[in-house]
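Subject: Structure for you to look over

Dear colleague,

I am handing over the structure we spoke about, and below it I have set out what was found when its interior, its open spaces and a few individual residues were examined. Please read the notes with the coordinates open beside you.

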Amino acid sequence: MFSSSHMFDGCSLSSDDEATRQYWIEHCINSIKVSEAFAKATGQRCLCNIWIPDGMKEDPADRLGPRQRLKDSLDQILAAPYDKNLVDVAVESKVFGIGLESYTVGSNEFYISYAVAHQIPALLDMGHYHPTENVADKISSLLCFLPRIALHLSRPVRWDSDHVIRFNDDLKAIFDELVRNDALDRTDIGLDFFDASINRVAALVIGARNAEKALLNALLTPWDLLKKAQNEHDHTRLLELSEDIKTLPFGEVFAEYCARNNVPVDGKWYGQVEEYEKNVLLKR
C-alpha cells in the first residue's frame with residue numbers, strides 16, 4: 001500500500017476518508033485471493049502479509065480513532081471468505097516510517113493484540129523495532145498465544161535500512177529461539193533485505209547462506225544439556241556450557257552440508273557470481 005494516488009493524507013486502512021479506506025480494504029481482499037491462487041498453483045501454503053504506512057509526522061490529537069478504523073478495516077478483510085488451509089494472513093508492525101516519525105497507526109502493541117484476538121500470525125521484521133530491542137526475545141512470548149508466527153530476516157543499521165543479513169548475534173539469536181522452542185514448523189521465514197550498492201546475486205547468496213548458517217548453528221547446539229543445567233538451577237554450569245559450545249566445529253559441518261547439496265563451499269562461489277556479472281548483468 002505504497003506509492004499510490006489512492007493514499008489519503010498518508011493513510012490507507014486507517015483513513016477517515018471512507019472511499020479511500022474501502023479502496024484499500026478491497027485491495028487487501030484481492031491480495032488474499034491472489035495468495036490463494038499462488039497456493040493452489042504451487043501446492044504450498046501462502047502467506048499474505050498486511051503492512052501499511054499509515055501515520056503522522058507530528059504528534060496526533062487523536063491516536064485512538066485511526067486505530068479503531070484500522071481494526072474495523074482488518075475485520076472486514078478477514079470476514080471475506082478464503083481457504084485458511086491454503087493462506088495465512090499476517091499483520092506486521094513498525095516503529096515509524098519516513099515522514100511518519102511521530103505516530104504509527106499499526107504499532108507493535110496494536111498488531112500483537114489483533115493477532116492474538118484473531119489467532120492469525122504476527123510478523124516480526126528485524127528492522128521494525130528500536131535498535132536496542134532484541135527481536136528474538138519476542139518470539140517465546142508470541143509462541144504462548146499464537147498458533148503461528150512469521151519473520152522477516154533483515155539487518156537494520158540504525159533504522160530499518162535492510163542491509164544484507166550477516167551471520168551475527170542478532171540472526172543467530174532468532175534461530176536459537178526457534179530451534180530450542182521447537183517452533184520451526186510454526187514459523188514462516190522470509191529474507192527481507194536489499195542493497196543496490198552491491199551485486200544483487202551476491203547479496204542474495206550471502207544473505208541466504210548466512211540464514212542457513214544461523215539455522216545450522218542452532219540445530220547443532222546441545223539445547224537439552226543447556227536446559228538441564230537451567231532446570232537444575234546450576235547457573236554456573238549453564239554459563240560454562242554456553243561458552244564451550246562457541247568453539248565447537250561448526251564450519252566443517254556447513255562445508256559438508258554444501259558438499260552434499262552440490263554447492264560451492266565458502267570462498268568458492270564468488271567467482272561464479274563475478275562471471276555472471278561480467279557476461280550477463282553488465283550486458284543488460
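Leaving aside its neighbours within four places in sequence, Ile77 is in contact with Leu13, Ile25, Cys28, Ile29, Ile32 and Ile50. Please bear in mind, here and throughout, that this is a predicted model.

The contacts of Ile77 lead into the interior. The largest nonpolar core has 58 residues, and Ile77 is among those with the most contacts inside it, together with Leu13, Ile50, Leu74, Leu153 and Ile174. Two of these, Leu13 and Ile50, also appear among the residues that Ile77 touches. As a general background to this, nonpolar side chains in soluble globular proteins tend to be buried together.

Ile77 also takes part in enclosing an empty space, since the residues that line the largest cavity are Ile29, Ile32, Lys33, Glu36, Ile77, Ala80, Pro81 and Tyr82. That cavity has a volume of about 50 Å³, and the count of cavities of 30 Å³ or more comes to one. Helix 1, which covers residues 18–42, supplies the largest share of the lining of the largest cavity, namely four residues. By class, this lining divides into six nonpolar residues, no polar ones and two charged ones.

Turning to the open spaces, the largest pocket has a volume of about 530 Å³. It is lined by 19 residues, of which Asn217, Thr221, Ser242, Ile245 and Lys246 are the closest to its centre. Two or more lining residues come from each of helix 5 (169–180), helix 6 (200–220), helix 7 (223–231) and helix 9 (250–260), and of the elements it is helix 5 that gives the most, with five residues. The lining of the largest pocket is made up of eleven nonpolar, three polar and five charged residues.

The second largest pocket has a volume of about 330 Å³, and 21 residues line it, with Met126, Pro131, Glu133, Pro156 and Asp170 lying nearest its centre. Helix 5 appears again here, giving the largest share of the lining of the second largest pocket with five residues. In this lining there are eleven nonpolar, four polar and six charged residues.

The aromatic residues deserve a separate look. The structure holds seven aromatic pairs, and in one of them the ring centres of Phe110 and Tyr111 are 5.3 Å apart with the planes at 80°, so that this pair is edge-to-face. The rings of Phe110 and Tyr114, by contrast, have their centres 6.3 Å apart and their planes at 10°, so this second pair is stacked. Phe110 and Tyr114 are four residues apart in helix 3 (residues 108–118), and are therefore separated by about one helical turn. With the limit for burial set at under 20% relative accessible area, Phe110 counts as buried at 13%, as does Tyr111 at 2% and likewise Tyr114 at 4%. Elsewhere in the chain, Phe167, Phe250, Phe254 and Tyr257 form one aromatic cluster.

Just ahead of helix 3, in the loop between strand 4 (103–104) and that helix, is Ser107, which is buried with a relative accessible area of 10%. Apart from neighbours within four places in sequence, Ser107 is in contact with Arg67, Ser93 and Lys94.

Finally, two residues may be worth checking for their backbone angles, given that most residues other than glycine have a negative phi. Asp162 has a positive phi, near 55°, and is found in the loop between strand 6 (149–153) and helix 5. Asn262 likewise has a positive phi near 55°, and its place is in the loop between helix 9 and helix 10 (270–279). In their surroundings they lie on opposite sides of the accessibility limits, for Asp162 is buried, with a relative accessible area of 6%, whereas Asn262 is exposed, with a relative accessible area of 72%.

With kind regards

Conventions
Residues numbered from 1 in each chain as written. Predicted model: local features only at pLDDT ≥ 70, side-chain atom pairs only at ≥ 80, totals over all residues. Heavy atoms only, no water. Core = buried A, V, L, I, M, F, W, Y, C linked by side-chain atoms within 4.5 Å. Buried < 20%, exposed > 50% of the residue type's maximum accessible area, 1.4 Å probe, protein only. Contact = heavy atoms within 4.5 Å. 1 Å grid on protein atoms, 1.4 Å probe; cavity = no way out; pocket = protein on both sides within 12 Å on 5 of 7 lines; lining within 4 Å. Points joined across faces, edges and corners; volume = space filled by probe spheres on them. Nonpolar A, V, L, I, M, F, W, Y, C, P; charged D, E, K, R; others polar. Phe/Tyr/Trp six-rings, centres within 6.5 Å; stacked < 30°, edge-to-face > 60°.
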